[in-house]
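Here are a few exercises to work through with the structure open beside you. Try each task before reading its solution.

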Amino acid sequence: MAENHIIKLYHGSNQAVEYPQLLKPTHPMDFGAGFYTTTNYQQAVDFAKKVTIRRKIGKPTVTAYEAEENILRSKYKVLEFHLADKAWLNFVTANRQILNPEIDAEIVIGAVANDDVIEVVRLYENGIYTVEETLRRLKIKTLYNQYVFRTQEAINELTTKEATNVQGNV
């Protein structure tokens, strides 16, 4: 019998998100529509601050969740990008161009194209960088991860643990 491995995930927003829901995106996102989380607490803090500034309401808050990783991987179709490679780059680019490629994955895991990375991706999208040049430049960046839950059923596997106000400097 496989051992239960509990994974801790974080979501940064301008408010606590006790009951996460699948919402339609208001702008293009790395992995398309879904509920975005990360295993990196600081990444969630940074995102919470950015969202609060952008929305001009609320307080930067990180909500922590737990889920059983073996259940996520056995019960749901998972698309995982182990590296920021050509497949990842093409997928992110397609989603950011609002093409929202048809995939049957309910959970997508991979590197996040954060502010430090997105400019490199934009230069690729605009044809300034080749695939090879883009990937070379991404290798020197710190790439954090994201777990994106693309169905409400998958989102419901998350158990809310706590929400922390991360006011700091916004």
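Helices (H or I, at least four residues) and strands (E, at least two) are DSSP runs, numbered from the N terminus. This is a predicted model, in which local features need pLDDT of at least 70 and side-chain atom pairs count only at pLDDT 80 or more, while totals for chains, interfaces and linings use all residues. Residues are numbered from 1 along each chain as its sequence is written, and side-chain values use heavy atoms, with hydrogens and water left out.

**Exercise 1. Find the loop that holds Lys56 and describe this residue.**

Step one: Lys56 sits in the loop between H1 and S3. Step two: look at its backbone, where phi is near 60°, a positive value in a residue other than glycine. Step three: check the accessibility, with buried meaning under 20% relative accessible area, exposed over 50%, and partly exposed in between (1.4 Å probe, protein chains only). Lys56 has 75% relative accessibility, so it counts as exposed.

**Exercise 2. List the elements of the protein in order and judge its overall dimensions.**

Begin with the count: the protein has six helices and seven strands. From the N terminus on, they run β-β-α-β-α-β-α-β-α-α-β-α-β. Next, take the radius of gyration (over C-alpha atoms; the globule rule is 2.2 Å times the number of residues to the power 0.38). A compact globule of 170 residues would have a value near 15 Å, and the protein has 16 Å, which agrees. Along the principal axes, the C-alpha atoms fill a box of roughly 45 × 45 × 30 Å. Finally, 44% of the 170 residues are buried.

**Exercise 3. Work out the strand order of the open sheet of three strands, and find the helix that packs on it.**

Two strands pair if DSSP finds at least two bridges between them. On that basis the order is S1-S3-S7, with antiparallel pairing. Strand S1 (6-13) and strand S7 (159-165) are at the edges with a single partner strand each, so one side of each has no neighbour in the sheet. For the angles, axes are lines fitted to C-alpha atoms, for helices over the stretch in contact, and angles run from 0 to 180 degrees between N-to-C directions. Neighbouring strands here are turned by 25° against each other on average, direction ignored. The helix is H1 (residues 41-55), which touches S1, S3 and S7 (contact means heavy atoms within 4.5 Å). The direction of H1 makes about 20° with that of S1. To inspect one pairing, take strand S3 (residues 61-68) and S7, joined over six bridges; Ala64 has Glu162 in S7 as its bridge partner.

**Exercise 4. Do the same for the open sheet of four strands.**

The order is S2-S6-S5-S4, and the pairing is mixed. Strand S2 (35-37) and strand S4 (78-80) form the edges. On average, neighbouring strands are turned by 15° against each other, direction ignored. S5 and strand S6 (residues 145-149) run antiparallel and are joined by five bridges; Ala111 has Asn145 in S6 as its bridge partner.

**Exercise 5. Locate the largest nonpolar core and the elements that build it.**

A nonpolar core is a set of buried Ala, Val, Leu, Ile, Met, Phe, Trp, Tyr and Cys residues joined through side-chain atoms within 4.5 Å. The largest one has 24 residues, and those with the most contacts inside it are Phe31, Trp88, Leu89, Ala113, Val121 and Leu138. Two or more residues each come from helix H3 (86-96), strand S5 (107-111), helix H4 (115-125) and helix H5 (131-138). H4 gives the most, with six residues. Apart from this core lies another, of 15 residues, including Phe35, Ile107, Ile109 and Phe149.
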